[in-house]
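Let's take a walk through this one together, starting at a metal site and ending at a helix. Have your viewer ready.

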Amino acid sequence: MKLPAWLKSAVFYEIYPQSFYDTNRDGIGDLNGIIQKLDYVKSLGCNAIWINPCFESPFMDAGYDVSDYKKIAPRYGTNEDAKRLFEEAHKRGMKVLFDLVPGHTSDRHPWFLESRKPERNEYSDRYVWTHNAFDYPEGYRWMSGMQDRDGNYLVNFFSSQPALNYGFEVQDFPWQLPPDHPAAQATLEAMKDVMRFWMDMGCDGFRVDMAYSLVKNDPFRTGIKRLWGNVREMFEKEYPENVLLSEWGRAEEAIDAGFHLDFYLHFNGRGYNALFQEGASDYVDKASEGHCFFSKEGKGDVTVFTEEFLPKLRYIAGRGYLCLPTDNHDMIRYSRFRSEDEMKVAASFVMLLPSIPFLYYGDEIGLPYREGLTSKEGGYFRTGSRTPMQWTAGRNRGFSESGGELYLPVEEGASPDVEAQEREKNSLLNTVRRAIAFRAAHEALQAGEEMRVLFAEKGKYPFVFARGKFVVAVNPSGSAAQAPVAEGRYKSVFFVNAEARIDGEKCIVPPVSLTVFEKE
Ligand code: GLC
Ligand code: CA
């Protein structure tokens, strides 16, 4: 098994297509808009993009409810546009990952429309049904009484998202089919066919939605590992340069299963929230009493992160990488509760870890989290993190020339935009660029290279760690902080906001700042 070489220096940009850039004035972003902004994305230093689902869908969950896996949703353009996007990205040395949602379809997908029929057919067992409408075993989420077929069907997420049947590793009931059942195998083959379809067109791989969830009743993860092992084999044989990235949150399982990459996330673990998300919303698990490390408040606990992250890195070393996002379409944007200076420090930190950085569109300018918006397409609290990109100070903030309604409203009045930040040498935008360029210039800072903790103590600041010959000292708190350093000569080579200094055997780090030293 091999890791494509391009991953080592990869820096990703996540694009929520409906909110990025609209080129046909319908108020919704489109693929052509992404193509037109590729040079911008490249100018950030990002050399890969991940696009949230852009397939035909009734949009009950923003496109995570697919009704045709092989067709670009008309509101985003055509399959021809997708092909052009791959070509234009490749011309610029960039990679494109699509978002694959293999666990469930929309309840309007033709497979489901067949499956729900009372007459048995090829698709009857491609979803999970009980054998009669009065049977809804506990521990599962059923839709009942909705169809003529006698039985209830399993849903994965929202009610509009029936679970595809990949089988049950342990079968306790007659309606639970084993993973090697022909229907379960056919589901997997259908999904591989979808992957081949896009990769043959030029797509470089997939971010895989809820990747852990496919095989049910799988206590030792044997079923799900077999499944993804099978897909990885296809990649090794047919698409060795392409990648599989899981939304899993347990790299120790995902990489064993066959993924090249796994996200380090706000669920299935506590370290991510302890860094960035605690205190952001009620949805966040409290690992360090509601205080995150990256806050001026200075009450966070970085050890919740280090004690989780480092063992994961060690476990997957040489076999896969972690991916660490600034936030994403499912989280509260990091701009909430953070000043521009705090975001500069947080974003730069993401660029200096041995994980692969993912920059969520808009985070490079501090696009705000919008409170109080009515839910759009199943977004609920997530809607506030999905508003249009703000390119200029002009009409519709340069997102769209539509005279009508936009997908979601842009911010009026004082609010960041790309154009203004391009002009300012020390803007968040240009700081993010510098941090990415610094990573790109030094192999020791890239994915999979070593990380040694030099100072991380419960409830204390700063956090100091080594990456090869570099030492990174970061202090997100609002007061100066100091840490002991080993003897030696250090030269500051990169800093954000204010420069730390070495005084004898101490490193003194100013409030809300980050410095990288090179050890001589
Ligand atoms: C993933 C997606 C999320 C979606 C859900 C259901 O968590 O990131 O946006 O709602 O899966 O597909
Ligand atoms: Ca459009």
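Along the chain, the donors of the calcium ion (ligand 2) are spaced as D-x1-N-x1-D-x1-I-x1-D. Keep in mind that you're looking at a predicted model. Spelled out, the protein donors are Asp-22 (OD), Asn-24 (OD1), Asp-26 (OD), Ile-28 (O) and Asp-30 (OD), and they lie 2.3 Å from the ion.

How covered are these donors? Take Asp-22: its relative accessible area is 5%, so with the cut-off for buried at under 20%, Asp-22 is buried. Ile-28 has a relative accessibility of 17%, so Ile-28 counts as buried by that cut-off too.

Now for the greasy part. The largest nonpolar core has 146 residues, and the members touching the most others are Tyr-13, Phe-98, Trp-198, Trp-228 and Phe-349. Helix H5 (residues 182-201) supplies the largest share of this core, with eight residues. There's also a second, separate core of 11 residues, with Val-471, Ala-473, Ala-483 and Ala-500 among them.

Last stop: helix H12, residues 428-441. Does its length fit or clash with what you'd expect for a helix? With 14 residues at 1.5 Å a residue, H12 should span 20 Å, and because its end C-alpha atoms are 20 Å apart, the two agree. H12 is also mostly covered, with 10 of its 14 residues buried. Those are Leu-428, Leu-429, Asn-430, Thr-431, Val-432, Arg-433, Ala-435, Ile-436, Phe-438 and Arg-439. As you scan that list, remember that an α-helix has 3.6 residues a turn, so residues three or four places apart point the same way.

How values were computed:
Residues are numbered from 1 along each chain as its sequence is written. Chains are lettered from A and ligands numbered from 1 in the order in which they are written. This is a predicted model: local features need pLDDT of at least 70, side-chain atom pairs count only at pLDDT 80 or more; totals for chains, interfaces and linings use all residues. Side-chain values use heavy atoms; hydrogens and water are left out. Helices (H or I, at least four residues) and strands (E, at least two) are DSSP runs, numbered from the N terminus. The expected span of a helix is 1.5 Å times one less than its number of residues. Buried means under 20% relative accessible area, exposed over 50%, partly exposed in between (1.4 Å probe, protein chains only). Donors are N, O and S atoms within 2.8 Å of the metal (3.2 Å for Na, K and Ca); water is not among the atoms, so sites may look incomplete. A nonpolar core is a set of buried Ala, Val, Leu, Ile, Met, Phe, Trp, Tyr and Cys residues joined through side-chain atoms within 4.5 Å.
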